[in-house]
Amino acid sequence: MRTIAAIATPPAEGGIAVIRVSGENAADIAARVFRPVNGRDIKEMRGYTACYGEIFDGDKRLDDGVLLIYRAPHSYTGEDAAEISCHGGIYTAKRVLSACFTAGAVPAQAGEFTKRALLNGKMSLTQAEAVADVISAQNEQFLLCAASQREGALYRRIRAVSDELLSTVTLIQAWIDYPDEMEDEFDGNLEADKLRHIVTELEELLASHGEGQLIRDGIPCAIVGRPNVGKSTLMNLLTGTEKSIVTDIEGTTRDIVEETVMLGGLMLRLADCAGIRETDDVVESIGVERMLKKLGEAAVVLAVFDSSRPLNEDDERLIAKLGNKRTLCIINKTDLDEKADISALEDRFADIVRISAKDPSSLKQLEKAVSDIAGLGDLDLTAGFIANERQRICATEALDHTRKALEALENGVTLDAVGIMCENALDRLYELSGEHVSDTVVDQVFRRFCVGK
Ligand SMILES: Nc1nc2c(ncn2[C@@H]2O[C@H](COP(=O)(O)OP(=O)(O)OP(=O)(O)O)[C@@H](O)[C@H]2O)c(=O)[nH]1
Ligand SMILES: [Mg+2]
């Protein structure tokens, strides 16, 4: 395989930039562009050793820096590799890279270092996919998810299911091929139990896709309620800024005000909406329409009620719109005398928190209540999850085939047919884990990577 090179650091000014070279000629190429000050022979350098020196393009001295040598298979790609750290200028890094090309390297494709790592057995496909997630992580929780995925959590989860399915497929095959040599009777109930267990595992695996997405992209969260209940005050409390305008005039917020915040490790995509009420005002009614749309899109609703005023038909109208959305009922303005019929809210909502949005100490209560309602509070972030569309499709199809196999077994369909359905499910699981996967799929996976990775 040709020796590839790329800049591994972002195209921006920084302390250092790293040029990565990988392939069987990595040390030769490094020796052509890098001259260690101590006169060391780079080709003789052992893996994981570094030296300081000068970087050249032919006779032109470009910079000084550090060379790190890796020896196959102990490198990211599994090949011989070199990393040249130079000063972190955009042009400097490009010049050092072009010197590597002059010395014989070819430009790396997007994700090619990781693709080589996959092809050299350094990681599974799902681990390789997780590299992109680790790079793109924007919050603590998703980083933990992606790091576990990178370490092999999803791969192990899929393997546990595929091993279980393989045992059923093998047994069925043995029964088809050598029925006279089997010692025990074929136990259809036992095999059906196993398939049922696999169905549950796959259902849980698929559910992890939605949870993973919420953790990665943030939980869409609509703040709704009738005018003046304190929605914008709550928004400002959660964002820690004066993002939304707050006044004591009903109908202050007209358009949606959006902001992404971190609350107790969760990323929330907050939308402060116009207050819901019957109105002749054209602008305000457009605001109400937009609020209803946001309500539809929200994964979690923060429904705000004013404890200092009796509930009215606008509150009722809101409650009617909530349907079975995950809703946290926020009873606000608890610093004032209570006039609202709180018991009516207690009857309607399972999750209630009482706060004063003007009081910053309410944040702690909100943190706990929101993470409980989002259902992510007790999620095992290290369990492995379905991270992308490719994985979701494979898992869905595997589940589909397993369900069909189970149904066939329960209905006394021939073992041949059940066996084929199980094998189809197994194929999809092997594609999911990357054990049997086509070159086209691998190419598609790496297309979303950056060049230096
Ligand atoms: N005493 C008290 N006043 C509050 C509290 N929260 C909000 N307010 C006041 O209630 C009034 C309305 O607050 P907003 O946050 O603008 O209410 P809103 O729900 O966004 O109102 P609209 O945008 O009109 O729908 C303002 O005068 C706030 O200062 C609270 O916890 N206690
Ligand atoms: Mg408002």
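**Ligand shell, domains and an open sheet**

In this predicted model, helix α8, which spans residues 231-239, gives the most to the shell around ligand 1, contributing 3 residues. The shell as a whole is formed by 24 residues, and the closest of these to ligand 1 are G230, S232, T233, T253 and G275. Sorted by class, the residues that surround ligand 1 comprise 12 polar, 6 nonpolar and 6 charged ones.

At the level of the whole chain, the domain assignment gives domain 1 (4-108), domain 2, which is made of two segments (140-213 + 388-437), and domain 3 (223-374). The centres of domain 2 and domain 3, taken over C-alpha atoms, are separated by 44 Å.

An open sheet of 6 strands is also present, with mixed pairing and with its strands arranged in the order β9-β10-β8-β11-β12-β13. Because β9 (257-263) and β13 (352-354) each have a single partner strand, they stand at the edges of the sheet, and one side of each is left without a neighbour in it. On average, and with direction ignored, neighbouring strands of this sheet are turned by 25° against each other.

At the β13 edge, the pairing with strand β12 (residues 327-332) is in the parallel sense and extends over 3 bridges, and within this region V353 of β13 is the bridge partner of I330. Helix α10 (residues 313-322) packs on the sheet, where it touches β8 (219-224), β11 (300-306) and β12, and the direction of α10 makes about 165° with that of β11.

Terms used
Residues numbered from 1 in each chain as written. Chains lettered and ligands numbered in written order. Predicted model: local features only at pLDDT ≥ 70, side-chain atom pairs only at ≥ 80, totals over all residues. Pairing = 2+ DSSP bridges. Helix = DSSP H or I, 4+ residues; strand = E, 2+ residues; numbered from the N terminus. Axes fitted to C-alpha atoms, helices over the stretch in contact; angles between N-to-C directions. Contact = placed C-beta atoms within 7 Å. Domains from an automatic or database assignment. Near = placed C-beta within 6 Å. Nonpolar A, V, L, I, M, F, W, Y, C, P; charged D, E, K, R; others polar.
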